[in-house]
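Q: Could you take a close look at the place where the two domains of one chain meet, and then set it in the context of the whole assembly? I'd like one connected account, with the numbers where they help.

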Protein chains: 2
Amino acid sequence: MTRWEPGARERLNGAALELYARKGFEETTVAEISQAAGLTERTFFRYFADKREVLFAGSELLEQQFVDGAAAAPNDATPIEVVRSAVGASAVFFPDERREYSRLRATIIDANPPLQERELRKMSTLAAALTTALRARGIPESVATLAAQSGVTVFRVSFAQWIAPGSTRPMAHIQRDVFAELGALTGATTAH
Amino acid sequence: MTRWEPGARERLNGAALELYARKGFEETTVAEISQAAGLTERTFFRYFADKREVLFAGSELLEQQFVDGAAAAPNDATPIEVVRSAVGASAVFFPDERREYSRLRATIIDANPPLQERELRKMSTLAAALTTALRARGIPESVATLAAQSGVTVFRVSFAQWIAPGSTRPMAHIQRDVFAELGALTGATTAH
DNA sequence: CTATCTATGTCAGTTACTGACATCACTCTA
DNA sequence: TAGAGTGATGTCAGTAACTGACATAGATAG
């Protein structure tokens with residue numbers, strides 16, 4: 001009824017998630033999402049750059065958390081230690097309450113290549129931000145890239161385990177184990 | 001003139017590359033590409049699933065090379081050794097003659113987020129294939145994923161160095177060095 | 001020479017996305 | 001309290017990516 005009903009963005013977000021889950025991503029039209037939210041197509045595109053972005057809003061916060069976590073590492077930290085600090089900081093975004101929502105979202109994304117592409121891009125952006133943070137500490141380009149990319153990989157593997165069916169362990173614990181596996185991979189001796 | 005002129009796919013590929021480079025990806029229309037190749041829009045979409053795919057055809061070959069390389073590793077090879085073998089096998093696809101072409105292609109991709117997304121997806125597919133190959137050797141899921149992902153990262157970092165301005169070193173040499181950096185990252189002691 | 005097969009063309013339609021402009025509700029100020 | 005902003009939304013028209021259905025031209029087989 002009223003124009004001006006607050007929370008337009010949230011309504012669009014909710015309607016999109018519900019429809020993507022129920023009818024599928026491709027089968028859902030932006031017009032449908034907008035209508036379900038009591039808005040027009042044009043308004044949808046004012047809030048979200050495209051049909052995919054509605055599932056990825058808020059990723060800047062995760063990126064900021066990564067960067068802050070990297071900055072929190074001591075000055076004499078090795079590259080991998082900085083990365084560990086960055087990834088570890090992100091764990092606060094994944095409390096147990098969020099697990100179910102994350103599972104639903106992941107189900108939708110896993111079923112749609114276009115959404116996977118967007119997710120990969122977000123991860124790539126994350127890696128780039130972390131690379132920049134590492135470079136600012138004087139770490140050379142290729143090492144910074146490798147370290148940052150490895151960090152994002154640990155993040156992704158950990159996330160996958162966190163939302164795995166039946167999983168109940170907290171994100172921080174999982175991340176610790178995955179970092180250990182990474183170390184073992186190249187035959188590291190530093191147990192930490 | 002003649003319908004039936006051979007090499008339709010190649011003409012479309014060439015026309016697309018030329019136009020993307022000259023006018024930009026977004027500014028180029030599929031109709032323009034098709035016309036430049038002496039074909040129709042509909043035919044373009046018969047050869048390529050979408051406007052981006054024209055730049056990524058042939059990536060299955062790279063994937064196959066990775067898988068074959070992994071298979072070529074000795075039975076008692078460690079995960080990282082298998083990965084090294086897989087990545088190393090891909091070097092044959094990047095002889096010096098191909099460097100200029102790769103540079104041009106990379107320039108186009110780097111300037112267009114949609115193309116970056118597609119590239120990331122291809123790399124992701126590559127990683128998945130490598131993960132499967134590792135799992136087939138009895139390597140557990142998370143280790144396989146970490147190793148494969150690390151391998152793809154090494155591949156990407158190496159490729160970036162290979163096409164860097166002024167770079168003339170062969171791909172195989174670069175990959176060797178980048179693998180060494182990866183090892184140093186986590187404080188490995190096994191020098192190769 | 002006809003039948004068939006395959007690559008291409010034609011056409012109509014859907015939908016994501018954009019720019020330009022109108023309008024509505026709310027706010028501030030004289 | 002009327003009237004001038006101001007910001008969020010609506011309306012409308014348009015472009016271009018992509019798809020399905022069907023027509024057609026050229027090659028090939030029998």
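**Where the two domains meet**

A: Let's start with the charges: three salt bridges are counted between domain 1 of chain A and domain 2 of chain A. Please keep in mind throughout that this is a predicted model. As background, side chains of opposite charge can pair when their charged atoms come close.

A good residue to select in your viewer is A:Glu53. With A:Lys122 this glutamate makes a salt bridge whose closest N and O atoms are 2.8 Å apart. A second partner is A:Arg118, which forms a salt bridge with A:Glu53 at 2.6 Å between the closest N and O atoms. A:Arg118 belongs to helix H7 (residues 113-135) of chain A, while A:Glu53 sits in the loop between helix H3 (41-47) and helix H4 (59-71), so this pair ties together parts that are 65 residues apart in sequence.

Polar contacts can be counted here too: across the interface of domain 1 of chain A and domain 2 of chain A, the rule picks out three residue pairs, both members at pLDDT 80 or more. On the side of domain 1 of chain A that touches domain 2 of chain A, the residues divide into four nonpolar, no polar and four charged.

Now for the extent of the boundary. The domain assignment places domain 1 of chain A at 8-54 and domain 2 at 58-185. Their C-alpha centres lie 28 Å apart. Contact involves eight residues of domain 1 of chain A and nine residues of domain 2 of chain A. Between them the two domains bury about 890 Å², with 60% of that on carbon and sulfur atoms. Within domain 1 of chain A, the residues that lose the most area to domain 2 of chain A are A:Leu17, A:Phe25 and A:Arg52, which together account for 60% of what that side buries.

Stepping back to the whole chain, chain A has nine helices and zero strands. Along the principal axes, its C-alpha atoms fill a box of roughly 65 × 35 × 25 Å.

There is a second copy to consider as well. A turn of 180 degrees, with a shift of 0.0 Å along the axis, lays chain B on chain A with an RMSD of 0.0 Å. The two copies are thus related as by a two-fold rotation axis. Both copies use the same surface, as 100% of the contact residues of chain B recur in chain A.

In this chain-to-chain interface, 31 residues of chain B are in contact with 31 residues of chain A. The buried area is about 2600 Å², and carbon and sulfur atoms give 64% of it. B:Glu117, B:Leu146 and B:Leu185 supply 27% of the area that chain B buries against chain A, more than any other three residues.

Salt bridges turn up between the chains too, with a count of six between chain B and chain A. One to inspect joins the side chains of B:Glu117 and A:Arg121, at 2.7 Å from N to O. Polar contacts between chain B and chain A come to eight residue pairs, both members at pLDDT 80 or more.

On the side of chain B that touches chain A, two or more residues each come from helices H5 (79-89), H7 (113-135), H8 (141-162) and H9 (171-185) of chain B. H8(B) gives the most, with twelve residues. By class, that side of chain B has 13 nonpolar, twelve polar and six charged residues.

As a final tally for your notes, the salt-bridge rule gives 28 over all chains.

Key:
Residues are numbered from 1 along each chain as its sequence is written. Chains are lettered from A and ligands numbered from 1 in the order in which they are written. This is a predicted model: local features need pLDDT of at least 70, side-chain atom pairs count only at pLDDT 80 or more; totals for chains, interfaces and linings use all residues. Side-chain values use heavy atoms; hydrogens and water are left out. Domain bounds come from an automatic or database domain assignment. Contact means heavy atoms within 4.5 Å. Buried area is the accessible area (1.4 Å probe) that two parts lose on being put together, summed over both. A salt bridge is a side-chain nitrogen of Lys or Arg within 4 Å of a carboxyl oxygen of Asp or Glu. A polar contact is a pair of N or O atoms within 3.5 Å; within protein, one must be able to donate a hydrogen and the other to accept it, and residues adjacent in sequence count only if both atoms are side-chain atoms. Ala, Val, Leu, Ile, Met, Phe, Trp, Tyr, Cys and Pro count as nonpolar, Asp, Glu, Lys and Arg as charged, and the others, Gly among them, as polar. Copies are superposed by least squares on the C-alpha atoms of residues with pLDDT of at least 70 in both. Helices (H or I, at least four residues) and strands (E, at least two) are DSSP runs, numbered from the N terminus.
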